[in-house]
Amino acid sequence: MPFELVTVPCLSDNYAFLVNDQASGTTALFDVPEAAPILAELDARGWQLDLVFLTHHHPDHVQGLAQVLAQHPAKVIGGAADARRLPPLDTAVAEGDAVQIGAQTGTVIDVSGHTIGHLAFHFPGANMAFTGDSLMALGCGRVFEGTHAQMYQSLCKLAALPPETTICSGHEYTTANGRFALSVDPHNPALLKRMAQIEAARAENRPTVPSQLSDELATNPYLRAHIPEMATNLGLKDATPAEVFSAIRTRKDNF
């Protein structure tokens, strides 16, 4: 594997991600919910942090940054459009820009919806995408700042990535997301099987994040809004995929 990936549980239900590029030894961090567990992982592995990528401005994704930088003076990369709400950036990026972690080149994707200016970072050579609170395991982030149409377009961008992509998202919400998914897609055998696996993992206190995009395409209701069965399940037989997505997101908000 080009990247060694470490999933770091933070706060009550957040995740940060550390990656170490095997070729160069470069280490990068994606989001900083809490400093202590991240610093402990760096110390345990003997890694010096070089880069920090921020997906969006919410405190539970950035609030540990100053404490991490005090011990690891890394370069901070985040969205140019949201720079006024992010901690100080060394590099401001936008959709389509290239970013580098050692030998691996990534692409910046604008996935606005949960927030305006939310970014995801896709590293095709490592088959990894860091999606923050856009695409999540069996779910997507609540649409706080954008529109449902905007969030659906953002998810369509991520759904178009190679199915073998590992999706590194920001929270351990999978069990609750799955219970909701079953309410709108109750006859999906892949979803039923995945829920059994999720329940077994959580019973052993194992993370359900990251996940595989192939599994999200098969089971995540927000990525299945274009499938006629989903429209039928919701009583929206003639609706567009964007309208079905909106109905699913609204139901989840009130679930």
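## Close-up views of a predicted model

**View 1. The lining of the largest cavity.** Twelve names make up this view: Tyr15, Phe17, Phe30, Asp31, Thr55, His61, Phe130, Thr131, Gly132, Cys168, Ser169 and Gly170 line the largest cavity. The model shown here is predicted. Strand S2 (14-21), strand S10 (128-132) and strand S13 (166-169) each give two or more residues to this lining. S10 gives the most, with 3 residues. By class, the lining divides into 5 nonpolar, 6 polar and 1 charged. The space inside comes to about 50 Å³. A search of the whole structure finds 1 cavity of 30 Å³ or more.

**View 2. An open sheet of 6 strands.** Follow the strands in the order S7-S8-S9-S10-S13-S14. Their pairing is mixed. Strand S7 (98-101) and strand S14 (211-212) stand at the edges. Each has a single partner strand, so one side of each is left without a neighbour in the sheet. In general, strands of a sheet pair through backbone hydrogen bonds, either parallel or antiparallel. S13 and S14 pair in the antiparallel sense, over 2 bridges. Look for Thr166, which stands opposite Gln212 in S14.

**View 3. A buried threonine in a loop.** Thr115 is found in the loop between strand S8 (104-110) and strand S9 (119-123). Is Thr115 buried or exposed? Thr115 counts as buried, because its relative accessibility is 0% and buried means under 20%. Leaving aside residues up to four places away in sequence, Thr115 touches His56, His57, His58, Arg85 and Glu145.

**View 4. The largest nonpolar core.** This core has 26 residues. Those with the most contacts inside the core are Leu135, Leu155, Leu158, Tyr222, Val244, Phe245 and Ile248. Which elements give two or more residues to the core? They are helix H4 (148-159), helix H5 (174-184), helix H8 (228-233) and helix H9 (241-253). Apart from this core lies another, of 22 residues. Among the members of that other core are Phe3, Leu51, Phe53 and Cys168. Cys168 also lines the largest cavity of View 1.

**View 5. Tyr222 and the residues it touches.** Tyr222 is one of the residues with the most contacts inside the largest nonpolar core. Setting aside residues up to four places away in sequence, Tyr222 touches Leu138, Gly139, Cys140, Tyr152, Leu155, Phe180, Phe245, Ile248, Arg249 and Lys252. Leu155, Phe245 and Ile248 also belong to the list of core residues with the most contacts.

**View 6. The largest pocket.** Its volume is about 250 Å³. The lining has 15 residues, and the closest to the pocket centre are Arg194, Gln197, Ile198, Thr208 and Asp215. Helix H6 (189-203) and helix H7 (213-219) each supply at least two residues of the lining. Which helix gives the most? H6 does, with 6 residues. By class, this lining has 6 nonpolar, 5 polar and 4 charged residues.

**View 7. The second largest pocket.** About 220 Å³ of space lies here. Of the 16 lining residues, the closest to the centre are Met136, Cys140, Gly141, Arg142 and Tyr173. H5 and H9 are the elements that give two or more residues to this lining. H5 and H9 also give two or more residues to the largest nonpolar core. The pocket lining has 6 nonpolar, 5 polar and 5 charged residues. Cys140 is also one of the residues that Tyr222 touches in View 5.

How values were computed
Residues are numbered from 1 along each chain as its sequence is written. This is a predicted model: local features need pLDDT of at least 70, side-chain atom pairs count only at pLDDT 80 or more; totals for chains, interfaces and linings use all residues. Side-chain values use heavy atoms; hydrogens and water are left out. A nonpolar core is a set of buried Ala, Val, Leu, Ile, Met, Phe, Trp, Tyr and Cys residues joined through side-chain atoms within 4.5 Å. Buried means under 20% relative accessible area, exposed over 50%, partly exposed in between (1.4 Å probe, protein chains only). Helices (H or I, at least four residues) and strands (E, at least two) are DSSP runs, numbered from the N terminus. Contact means heavy atoms within 4.5 Å. On a 1 Å grid over the protein atoms alone, a cavity is a set of points where a 1.4 Å probe fits but cannot get out, and a pocket is an open set with protein on both sides within 12 Å along at least five of seven lines; lining residues have an atom within 4 Å of a point. Grid points are joined across faces, edges and corners, and a volume is the space filled by probe spheres set on the points. Ala, Val, Leu, Ile, Met, Phe, Trp, Tyr, Cys and Pro count as nonpolar, Asp, Glu, Lys and Arg as charged, and the others, Gly among them, as polar. Two strands pair if DSSP finds at least two bridges between them.
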